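Let's take a walk through this structure together. Please keep the model open beside the text, so that each residue can be looked up as it comes along.

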Amino acid sequence: MYLLGEQPAYADRLINRLQTIPCQLLEGLSPSGPNLELKHTDNLCAELPAQQLFIIETGLLHALIDDKALFYLQEGDLVGLRQSGDLPDCRYCSDEPISLIPYSRNAVFQHIHADEHRQELFTQYLIGHTALLGDALARLKQPEIRPATGFKHFAVGEELIHQGDEADNVFIIIEGHAEAVVDGQKVGDVQKDEIFGAMAVFTRERRSATVVASEPCTVMVIPKEQFLGLTQSNPRIAHSLIESMARRIDLLNKEVTHLRVNVAV
């Protein structure tokens, strides 16, 4: 994926990182047939079989929203994933020949969800693309009506989220490091590439912890509606996220209990 127009350095680094994920997701999985060869296409999605996903082997796909070119997909990008219903439809087209490697959709998802690391990579890939697209769409609007989406920067000591606040967004740290704090006590760390803030969005409860930047942070911000739309379009993401968050919550609960015992003593 490559966004048209000038991009900040952190967006370029994120795009480069996302570009490496599809080959990791499909490692060890064989294509389901010969390459799909197209001389050109005005609407790729209308030509793709619903039961398959594709990797671009050669060629470029231009993505248009309201007939305006916003980004393009290139060699190594994954094509055919369902998009969040909260985002406008993209039309993919190409004036040049394009070669696509086909994979069975069911086989791909079984392969991904058979391995915890691949599940995490897939979640990062989808959320990363959603955030980049949301940011690109936001920049098309006038500054005074742009939504709070895309990317935010936080200095050391700034709060990314605050315990007790309503949950309007989900976040991923793409640069930096933060700490999770409950009732004034540090209970854990939030590392680079880690998703946080999702549980409160799922449960519709208020934030259970404050997250504070321990070093300068750049954070992807995914609005609640986009995130929920993404999980509805890809239900297995929600399942793997909930499993991951359950493990993390268990660790945090143990840390909170340990801190309270020490305070009592």
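What follows goes from aromatic rings to charged side chains, and then to some contacts and a backbone angle.

This is a predicted model, so local features are described where pLDDT is at least 70 and side-chain atom pairs only at pLDDT 80 or more, while totals for chains, interfaces and linings use all residues. Residues are numbered from 1 along each chain as its sequence is written, and side-chain values use heavy atoms, with hydrogens and water left out.

Let's begin with the rings. A pair of aromatic rings is described by the distance of the centres and the angle of the planes. Here, rings of Phe, Tyr and Trp (its six-membered ring) pair if their centres lie within 6.5 Å; planes under 30 degrees apart count as stacked, over 60 as edge-to-face and the rest as tilted. The structure holds 2 aromatic pairs. One of them joins F109 and F122, edge-to-face, with 5.7 Å from centre to centre and 70° between the planes. This pair links distant parts of the chain, with F109 in helix α4 (residues 105-113) and F122 in helix α5 (residues 116-139), 13 residues apart. Helices (H or I, at least four residues) and strands (E, at least two) are DSSP runs, numbered from the N terminus.

Are these two rings buried or exposed? Buried means under 20% relative accessible area, exposed over 50%, and partly exposed in between (1.4 Å probe, protein chains only). F109 has a relative accessible area of 11% and is therefore buried; F122, at 2%, counts as buried too.

The other pair is made by F171 and F196: the ring centres are 5.3 Å apart and the planes stand at 15°, so the pair is stacked. Because F171 lies in strand β11 (residues 169-175) and F196 in strand β14 (residues 195-196), the pair ties together parts that are 25 residues apart in sequence. Both F171 and F196 are buried.

Now for the charges. Side chains of opposite charge can pair when their charged atoms come close. A salt bridge is counted when a side-chain nitrogen of Lys or Arg lies within 4 Å of a carboxyl oxygen of Asp or Glu. How many salt bridges does this rule give? The count comes to 3.

One salt bridge is formed by E166 and R206, with 3.4 Å between the closest N and O atoms. It links distant parts of the chain: E166 sits in the loop between β10 (159-161) and β11, and R206 in the loop between α6 (198-203) and β15 (210-213), 40 residues away. E166 has a relative accessibility of 53%, so this residue counts as exposed.

Look next at K186, which takes part in a network of salt bridges with E179 and D189. The N to O distance is 3.5 Å between K186 and E179, and the closest N and O atoms of K186 and D189 are 3.1 Å apart. K186 is partly exposed, with a relative accessible area of 37%. E179 is partly exposed at 25%, and D189 is partly exposed at 26%.

Other charged residues gather on the surface: D42, E47, D95 and E96 form a negative patch. Patches are made of residues with over 30% relative accessible area and no salt bridge, with like charges joined within 9 Å and nonpolar side chains (Val, Leu, Ile, Met, Phe, Trp, Tyr) within 5 Å. Within this patch, E96 belongs to the loop between β7 (91-93) and β8 (98-104), and its relative accessible area of 35% makes this residue partly exposed.

Some contacts bring together residues that are well separated in sequence. Returning to F109, its C-alpha atom is 9.4 Å from that of L25, a residue 84 positions apart along the chain. F154, in strand β9 (residues 150-154), is buried with a relative accessible area of 12%. F154 and V219 are 65 residues apart in sequence, yet their C-alpha atoms are 8.0 Å apart in space. S30, placed in the loop between α2 (21-25) and β2 (36-38), counts as exposed at 59% relative accessibility. The C-alpha atoms of S30 and I101 are separated by 9.9 Å, with their positions 71 residues apart along the chain.

Finally, turn to the backbone at D183. Its phi is near 50°, a positive value in a residue other than glycine. D183 is found in the loop between β12 (178-182) and β13 (185-190) and, at 54% relative accessibility, counts as exposed.

Note on methods: Accessible areas come from the Shrake-Rupley method with a 1.4 Å probe; for residues, only the protein chains shown count as cover. Lys and Arg count as positive and Asp and Glu as negative; His and the chain ends are not counted. The place of a charge is taken as NZ of Lys, CZ of Arg, CG of Asp or CD of Glu.
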